Amino acid sequence: MALDLKLDGKVAIITGGCMGLGGEAAKQLAEQGAKLALVSIPDDALEAKAKDLRETFGAEVLAIGADLTDPDTPNRIAANVIKEFGRIDILINSAGASQGGIFWDIPDEVWDESFALKFMGTIRMMRAVLPSMRKNGYGRIVTVVGDTGKQPRARLLPGAAANAALLVVIKGLSDEVAIDGIAINAVNPGPTRTERIATLFANLSESTGRTLEDIESDFTDDAPMKTMGDPEDVARMIVLLASDVTYNMTGTSITTDGGRSHALPPPPPDLLRPTYEIG
Ligand SMILES: NC(=O)c1ccc[n+]([C@@H]2O[C@H](COP(=O)([O-])OP(=O)(O)OC[C@H]3O[C@@H](n4cnc5c(N)ncnc54)[C@H](OP(=O)(O)O)[C@@H]3O)[C@@H](O)[C@H]2O)c1
């Protein structure tokens with residue numbers, strides 16, 4: 001029997017829905033019959049993406065050009081979507097762009113920007129959609145976080161810190177709203193071939209003087225599978241968590257990083273080398 005995701009007619013907002021992981025999730029949701037509101041920096045690419053989804057899948061698509069670092073934007077987006085589609089069933093948070101680098105070279109602005117977009121943008125979007133979801137007794141929120149939230153990388157600390165903070169909020173908030181029929185989860189990709197990662201690798205190559213091939217190896221060598229992720233695969237996890245197939249999951253995350261993250265945190269050194277006698 002084919003897997004029925006029951007997404008036909010559901011109303012989904014996708015931040016960063018123009019390209020990368022959000023763009024791929026938008027495509028798969030449109031294919032499943034969902035009505036979409038794509039949020040991205042206003043430009044021709046956003047309109048082109050909306051047009052493509054309308055023509056390819058016959059989907060109802062609202063293109064909302066907006067900067068998510070503006071604190072007033074999320075409430076306007078939610079109001080706009082409710083006016084157009086009558087309700088909000090799903091929120092996918094995929095807008096995010098944190099810069100990396102060597103810790104002592106990273107200025108305050110980079111830390112501020114990482115938190116302004118990825119952390120506060122997500123917090124404000126969740127706050128904006130929750131009243132509608134609570135009223136309807138239904139909601140699915142999926143945030144694209146990143147494996148660095150659990151296992152940081154030295155050269156990606158601003159994004160890793162925002163990711164770790166988001167995982168904490170996702171768990172705590174999911175406890176609060178489970179009673180209202182709302183599930184909140186995350187997908188934690190490892191390095192995945194999107195436009196963002198290409199720019200990141202190019203910046204790291206420039207700042208360290210290493211080749212692009214060496215930088216890619218730096219990111220994949222510590223994973224047992226030694227693979228880069230594919231946006232289509234990551235989007236499938238996003239769509240699964242946005243569906244009712246995962247109705248019994250909340251406050252948790254799916255990690256797609258070729259096995260890099262530890263299943264459990266490693267034990268503290270004292271437990272590995274006991275310094276006392278037992279019994
Ligand atoms: N790719 C990876 O390897 C990877 C790994 C772990 C986690 N992640 C996370 O996954 C998320 C998506 O990453 P991605 O690789 O798909 O990135 P991407 O290809 O750069 O796409 C990011 C999207 O966010 C939008 N965006 C950026 N700044 C915005 C703003 N201020 N307001 C509204 N929209 C904005 C972009 O719009 P424009 O096109 O208009 O700029 C774009 O549509 C990010 O949060 C990232 O941290 C990615």
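1. In this predicted model, Thr-15 stands opposite Asn-93 in S4. The two strands concerned, S1 (residues 11-15) and S4 (residues 90-93), run parallel and are joined by four bridges.

2. S1 and S4 belong to an open sheet of seven strands, ordered S3-S2-S1-S4-S5-S6-S7, in which the pairing is parallel. Its edges are formed by S3 and by S7 (253-256), each of which pairs on one side only. From one strand to the next, the twist averages 15 degrees.

3. Towards the S3 edge, S2 (residues 35-40) pairs with S3 (residues 61-65) in the parallel sense, over five bridges. Within this pair, Val-39 stands opposite Ile-64 in S3. The chain passes from S2 through H2 to S3, making a β-α-β crossover that is right-handed.

4. Which strands does helix H4 touch? H4 (residues 108-136) packs on the sheet in contact with S1, S4, S5 (139-144) and S6 (182-189). The direction of H4 makes about 175 degrees with that of S4. Helix H5 (residues 157-177) lies across S5, S6 and S7, and runs at about 160 degrees to S6.

5. Helix H1 (residues 20-31) packs with H2 (residues 44-57), the helix of the crossover described in point 3, at an angle of about 25 degrees and with the axes 10 Å apart. Because angles under 35 degrees count as roughly parallel, H1 is roughly parallel to H2. Their crossing is right-handed. On the H1 side the contact comprises Gly-23, Ala-26, Lys-27, Ala-30 and Glu-31, which meet Lys-49, Leu-53 and Phe-57 in H2. By class, four of the residues in this contact are nonpolar, one is polar and three are charged.

6. H1 also packs with H8 (residues 231-242): their axes come within 8 Å and cross at roughly 60 degrees. H1 and H8 are therefore oblique to each other, and this crossing is right-handed. The H1 residues involved are Gly-20, Leu-21, Glu-24, Ala-25, Gln-28 and Leu-29. In H8 they meet Pro-231, Glu-232, Val-234, Ala-235, Arg-236, Ile-238 and Val-239. The contact of H1 with H8 has eight nonpolar, two polar and three charged residues.

7. How is H1 oriented with respect to its two helical partners discussed here? H1 is roughly parallel to H2, whereas H1 and H8 are oblique to each other. The crossing is right-handed for H1 with H2 and right-handed for H1 with H8.

Notes: Residues are numbered from 1 along each chain as its sequence is written. This is a predicted model: local features need pLDDT of at least 70, side-chain atom pairs count only at pLDDT 80 or more; totals for chains, interfaces and linings use all residues. Axes are lines fitted to C-alpha atoms, for helices over the stretch in contact, and angles run from 0 to 180 degrees between N-to-C directions. Angles under 35 degrees count as roughly parallel, over 145 as roughly antiparallel, 65 to 115 as roughly perpendicular and the rest as oblique. A crossing is left-handed if the near helix is turned anticlockwise from the far one by less than a right angle, and right-handed if clockwise. Two residues are in contact if their C-beta atoms, placed from the backbone, lie within 7 Å. Ala, Val, Leu, Ile, Met, Phe, Trp, Tyr, Cys and Pro count as nonpolar, Asp, Glu, Lys and Arg as charged, and the others, Gly among them, as polar. Two strands pair if DSSP finds at least two bridges between them. A crossover is right-handed if, with the strands pointing away from the viewer, the path from the first strand over the helix to the second runs clockwise.
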